[in-house]
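Please open the model in your viewer and keep the sequence panel beside it. The stops below say what to select next and what is to be found there.

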Amino acid sequence: MATRRRTLLKVIVLGDSGVGKTSLMNQYVHKKFSLQYKATIGADFVTKELQIGDKLVTLQIWDTAGQERFQSLGAAFYRGADCCALVYDVNVLKSFDSLENWHEEFLKQASPSDPKTFPFIVLGNKVDIDGGSSRAVSEKKAADWCASNGNIPYFETSAKEDYNVDDAFFTIAKTALANEHEQDIYFQGIPEAVTENEPKGGGCAC
């Protein structure tokens, strides 16, 4: 039986509650946006398949709750991650100031083999609000923070307007793929009945 090979990449999305983590994911995966805010309880994930070069990649994007009372769930969800996206709201200074804490929290909980080279990406979301007139964090300030924390790639996004969302997640996927260390999933010598009944998603692969 031939070997079936696909690459599963686990991406964790972190940031304060209300910055638009779920909206960004829904826009990217489902091309949908809702004005109704619903806080994420615990954690949830969505998957999207994409082609990067000659590889078929399954991006598993974990949306974790921003509320502090759920942060204790972190370790189990963070482990095995290939990339971490830090999200803040460009109109809320506090959410930007929290990036440092989220950055440290991830490294502490995920315990990557080399914390200095583990890939992060920062997304400054909600750039569409008031045409940008209510911004509390300048693009330069965010870029400077990213530069001082290991030259983290930075994107300004709008989940509502679908601005830069695809570009940001494609960069996340490429970055995760570059970081991925032999975490491909191999199906070899498995009975046909098992492979045919493979779960189509919704199960925890953490």
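Select V19 and display its surroundings: apart from its neighbours within four places in sequence, V19 is in contact (heavy atoms within 4.5 Å) with V87, Y88, D89, S95, N125 and K126. This is a predicted model, in which local features need pLDDT of at least 70 and side-chain atom pairs count only at pLDDT 80 or more, while totals for chains, interfaces and linings use all residues. Residues are numbered from 1 along each chain as its sequence is written, and side-chain values use heavy atoms, with hydrogens and water left out.

V19 sits in the loop between β1 and α1, where helices (H or I, at least four residues) and strands (E, at least two) are DSSP runs numbered from the N terminus. Is V19 buried or exposed? With a relative accessible area of 2%, V19 is buried, a term that means under 20% relative accessible area, as against over 50% for exposed and in between for partly exposed (1.4 Å probe, protein chains only). If you draw a distance from the C-alpha atom of V19 to that of F96, you will find 9.8 Å between two residues that are 77 apart along the chain.

Move next to α1, whose buried residues are K21, L24, M25, Q27, Y28 and V29; just after this helix, K31 takes a positive phi of about 55°.

Y28 leads on to the largest nonpolar core, which has 28 residues, and in which Y28, L59, I61 and F169 touch the most other members. Such a core is a set of buried Ala, Val, Leu, Ile, Met, Phe, Trp, Tyr and Cys residues joined through side-chain atoms within 4.5 Å. Colour α6, for this helix gives the core its largest share, 7 residues. Centre then on I61, which, neighbours within four places in sequence aside, is in contact with V11, V13, M25, Y28, V29, D44, F45, V46 and F169. F45 itself is listed in a second, separate core of 26 residues, which also includes C84, L86 and F106.

F106 brings you to α4 (residues 99-110), where L99, W102, H103, E105, F106, Q109 and A110 are buried. Look down the axis of α4: these buried residues fall within an arc of 165° (taken from the directions from the helix axis to the C-beta atoms), so they line one face of the helix. On the face turned away from the buried side, select the exposed residues N101 and K108. Finish at S111, just after α4, which takes a positive phi of about 50°.
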